[in-house]
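Reader: Got a minute to walk me through this one? I'd like to start with burial, then go on to packing and pairing.

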Amino acid sequence: MDTIKLGDVEITRVVERHGGFGPLHTLVPGTPDPAPGWLVPDHHDPATGVMIAAAQTWVLRSAGRTILVDTGVGNDRVRPNPLFNGWQTDFLERLTDIVDPGDVDVVVNTHVHADHVGWNTHNLGGEWTPTFPNAAYLIPRADEEHFRGSAVHDDSVAPILAAGLATLWDTSFRIDENLELEAAPGHTPGSALLRLRSGTDRAVFVGDMVHSPYQLTDPLCNSMFCLDQGQARATRRRVLGRAADERELVVPAHFAGHGAVEVKENGDGFAISGWAGFQSISS
Ligand SMILES: [Zn+2]
């Protein structure tokens, strides 16, 4: 198990898949060319130009319950983006080694993109069926509305709504004494943060607010997937500023390597002051 503890909360990393996710300068267009050497080897492969990243789920044990943060891409998906099309992994078996799907209490989707809601459901005899039948799925209402009618919504969100398992939330949502969701629009209209506060420890799960660690050093640098470019920049600057002030561990959805970082103010951006204690993954 790849687990750290912050206050009373255990955080376990379950990687669905890691490796090359496409050309860094396409995915995160503002990165310098050539890319900074410190991104090598965990986050960038200079030989191929691809960004090294991960699809992963964070499993939290908090206040006696089990909470999943984001559910990856999923198996059997037909997606126009070749990056996410047709995945077949043993993610669910590896997750089940840690928690039985029936024992998951809460599922958090930081937003409704294909690589964050995939394992919300699984293909059971041709039907998209909730993977975690006893969980409350917390889905940002703005994204549920924005992506309604898309293939991703049809196979990964609509079955959750139909099963009566979804809780749609707006500005903020408290999960327990340690965990609270907060709206952080920009990347998508409903993009959310999950703040962890336990004892003196702090973390903030930021979803797709950053894809490459380079964006920490230049918070104006968006990914190609940020729908509202100006709002995405403002949110990134604000959230990282607070993370530096309050010493929150920043936990993005897709970092490979050690997965999460501490940051400090550095000129117009931030510098990495430390990495989390998760085992490093790279290509
Ligand atoms: Zn993503």
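Author: Sure. Buried here means under 20% relative accessible area. Keep in mind that this is a predicted model.

Reader: OK. How many residues of strand S9 are buried?

Author: 4 of the 5 residues in S9, which covers residues 136-140. So S9 is largely enclosed by the rest of the structure.

Reader: Which strand is joined to S9 by 3 bridges?

Author: Strand S6, residues 106-108, and the two run parallel. Val-107 has Tyr-137 in S9 as its bridge partner.

Reader: And how many bridges between S9 and strand S10?

Author: 4, again in the parallel sense, with S10 at residues 166-169. Leu-138 is bridged to Thr-167 in S10.

Reader: What about S7 and S8, parallel or antiparallel?

Author: Antiparallel, over 4 bridges. S7 is residues 121-124 and S8 is residues 127-130. His-122 has Thr-129 in S8 as its bridge partner.

Reader: Which residue in that hairpin has a positive phi?

Author: Gly-125, near 60 degrees. The hairpin has 2 residues between the strands.

Reader: Switching to helices. What span should H8 have at 1.5 Å a residue?

Author: 26 Å, for the 18 residues from 229 to 246. The end C-alpha atoms are 26 Å apart, which agrees.

Reader: What caps its N-terminal end?

Author: Asp-228 caps H8. A side-chain oxygen of Asp-228 lies 3.3 Å from the backbone nitrogen of Gly-230. Just after the helix, Arg-247 takes a positive phi of about 55 degrees.

Reader: Which H8 residues are buried?

Author: Among them are Ala-232, Thr-235, Arg-236, Val-239 and Leu-240.

Reader: Arg-236 too, noted. What do the buried residues of H8 pack against?

Author: Strands S13, S14, S15, S16 and S17, plus helix H7.

Reader: Now aromatics. How many pairs in the whole structure?

Author: The search finds 5. One of them is Trp-58 with Phe-278, a tilted pair. Their centres are 5.2 Å apart, with 50 degrees between the planes.

Reader: Why does that pair tie together parts far apart in sequence?

Author: Trp-58 lies in strand S4, and Phe-278 in the segment after strand S17, so the pair ties together parts that are 220 residues apart in sequence.

Reader: Are those two buried or exposed?

Author: Both Trp-58 and Phe-278 are buried. With Phe-205 they form one aromatic cluster.

Reader: Last one. Which residue lies over the face of Trp-87?

Author: Arg-17, at 4.2 Å from the ring centre.

Key. Residues numbered from 1 in each chain as written. Predicted model: local features only at pLDDT ≥ 70, side-chain atom pairs only at ≥ 80, totals over all residues. Heavy atoms only, no water. Phe/Tyr/Trp six-rings, centres within 6.5 Å; stacked < 30°, edge-to-face > 60°. Buried < 20%, exposed > 50% of the residue type's maximum accessible area, 1.4 Å probe, protein only. Lys NZ or Arg CZ within 6 Å of the ring centre and 35° of its normal. Pairing = 2+ DSSP bridges. Expected span 1.5 Å × (residues − 1). Contact = heavy atoms within 4.5 Å. Polar contact = N/O pair within 3.5 Å; in protein donor to acceptor, adjacent residues only side chain to side chain.
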